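I opened this model to look up its fold, one helix, a ligand site and a few single residues. My notes are below.

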Amino acid sequence: MTNALFSKAEFYTTVNQLRDLPKESGVEIAFAGRSNAGKSSAINTLAGRGRFAFVSKTPGRTQHINFFQLGARRFIVDLPGYGYAKVPLAIRQHWTELLSQYLQTRETLFGMVLIMDIRHPIMPLDVQMLEWFALTRKPVHILLSKADKLSRSKAVETLRYVSSYLVAHQITGSVQIFSSMTSEGKDEAILLLKNWLESAEQALQTTSTESGQKKPRSKGIKPG
Ligand code: GDP
């Protein structure tokens, strides 16, 4: 698939405090995951280049929220990785505040892509992320990364397990197998992002033309 979605992608900004978040405008899709789950690799694989991970992995920025712009008014938001074994309490508290508030209150956020190592799916902090986000009733899409490290049958077994977890917990979402090493699942993920962005933009247009009046910005966009 030609990856037109990321053809104009560039780094936008990095923030470490809620008050520094850019003004809400356009559509955001967040990427989250435990540290080392393969989030940076996944973003790079989808974007088709290595510049972004470099930004996110720059010392001092790994605990930041990093924004990448995909052309006009479309953003990929790389959330800080969680689950380091020995993180001081103050940093964990900061992480909790930053992520929970961003996920629950950001109106321009349309959906969350959650990356999990296919060998260790649905760890306690992943559950925490899913629970926070479920309150918004926005969609989550899970990438089961590093699928190249499992046999096909084990990978499919995990896919079914995570899929049934979403159903059992009434989470609006979907799940797929992914590998940055082999690019397995890349086209499927890009198609999903494209659909999300288009749905969000359609919802924005509907909101702004509903009563023949243009509203200043979207309020509470719900997935279509
Ligand atoms: P992050 O901390 O979630 O951003 O994780 P990274 O993208 O930095 O990946 C962590 C480690 O896993 C690195 O050594 C990557 O090379 C490796 N990795 C990431 N994705 C894959 C994958 O799909 N397959 C394999 N075999 N290794 C991967």
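The entries go from the whole chain to single residues.

**Entry 1: the chain**

I noted first that this is a predicted model. I then counted the secondary structure: the protein chain has 6 helices and 7 strands. Reading along the sequence, I wrote down the order as β-β-α-α-β-β-α-β-α-β-α-β-α.

I looked up burial next. Of the 224 residues in the protein chain, 49% are buried. For the surface I noted an accessible area of about 11,300 Å², with 52% of it belonging to carbon and sulfur atoms. I also checked how far apart in sequence the contacts reach. Among contacts between residues at least 6 apart in sequence, 75% join residues at least 24 apart.

**Entry 2: helix H3**

I took helix H3, residues 89–105, and asked what its 17 residues should span at 1.5 Å a residue. The expected span is 24 Å, and the end C-alpha atoms are 24 Å apart, so the two agree.

Which residues of H3 are buried? I listed Trp-95, Leu-98, Leu-99, Ser-100, Tyr-102 and Leu-103. I recalled that an α-helix has 3.6 residues a turn, so residues three or four places apart point the same way. I then looked up what the buried residues of H3 pack against. On the strand side I found S2 (27–33), S3 (65–70), S4 (74–78) and S5 (109–117). Helix H4 (124–134) is also among their partners.

**Entry 3: Ser-100**

I picked one polar residue from that list. Ser-100 is found in helix H3. I count Ser-100 as buried because its relative accessible area is 9%, under the 20% cut-off. Where does the side chain of Ser-100 reach? I found the backbone oxygen of Glu-97 at 3.5 Å from it. Leaving aside neighbours within four places in sequence, I noted contacts of Ser-100 with Trp-95 and Trp-132. Of these two, Trp-95 is itself on the list of buried H3 residues.

**Entry 4: Glu-24 and Thr-108**

I moved to the loop between strand S1 (9–15) and S2, where Glu-24 is found. Is Glu-24 buried or exposed? Glu-24 is buried, because its relative accessible area of 16% falls under 20%. I looked for a polar partner and found the backbone nitrogen of Glu-107, which lies 2.6 Å from a polar atom of the side chain of Glu-24. I also checked Arg-73, which is 49 residues from Glu-24 along the chain. The C-alpha atoms of Glu-24 and Arg-73 are separated by 9.8 Å.

Thr-108 lies in the loop between H3 and S5. At 2% relative accessibility, I recorded Thr-108 as buried. Which residues is Thr-108 in contact with, leaving aside its neighbours within four places in sequence? I found Glu-24, Ser-25, Gly-26, Val-27 and Glu-28. Glu-24 therefore appears again here, this time as a contact of Thr-108, with a heavy-atom limit of 4.5 Å.

**Entry 5: the ligand site**

I counted 15 residues around the ligand, and those that come nearest are Asn-36, Ser-40, Ser-41, Asp-148 and Ser-180. By type, the shell divides into 2 nonpolar, 7 polar and 6 charged residues. Helix H1 (residues 39–47) gives the largest share of the shell, 3 residues.

I then went through polar atom pairs with ligand oxygen atoms. A polar side-chain atom of Ser-41 lies 2.5 Å from an oxygen atom of the ligand. For Ala-37 the atom is a backbone N or O, at 3.2 Å from an oxygen atom of the ligand. For Ser-180 I again noted a backbone N or O atom, at 2.7 Å from an oxygen atom of the ligand. The ligand has 570 Å² of accessible area on its own, and the protein covers 74% of that.

**Entry 6: positive phi**

I looked up two residues with positive phi. Asn-36 has a phi of about 80° although it is not a glycine. Asn-36 sits in the loop between S2 and H1. With a relative accessible area of 66%, Asn-36 is exposed. That area was computed with protein chains only, and Asn-36 is also one of the residues that come nearest to the ligand.

Gln-170 is also not a glycine and has a positive phi, near 50°. I placed Gln-170 in the loop between helix H5 (152–168) and strand S7 (173–177). Gln-170 is exposed, with a relative accessible area of 73%.

Note on methods
Residues numbered from 1 in each chain as written. Predicted model: local features only at pLDDT ≥ 70, side-chain atom pairs only at ≥ 80, totals over all residues. Heavy atoms only, no water. Helix = DSSP H or I, 4+ residues; strand = E, 2+ residues; numbered from the N terminus. Expected span 1.5 Å × (residues − 1). Buried < 20%, exposed > 50% of the residue type's maximum accessible area, 1.4 Å probe, protein only. Near = heavy atom within 4 Å. Polar contact = N/O pair within 3.5 Å; in protein donor to acceptor, adjacent residues only side chain to side chain. Areas by Shrake-Rupley, 256 points an atom, 1.4 Å probe, with all protein chains shown as cover. Nonpolar A, V, L, I, M, F, W, Y, C, P; charged D, E, K, R; others polar.
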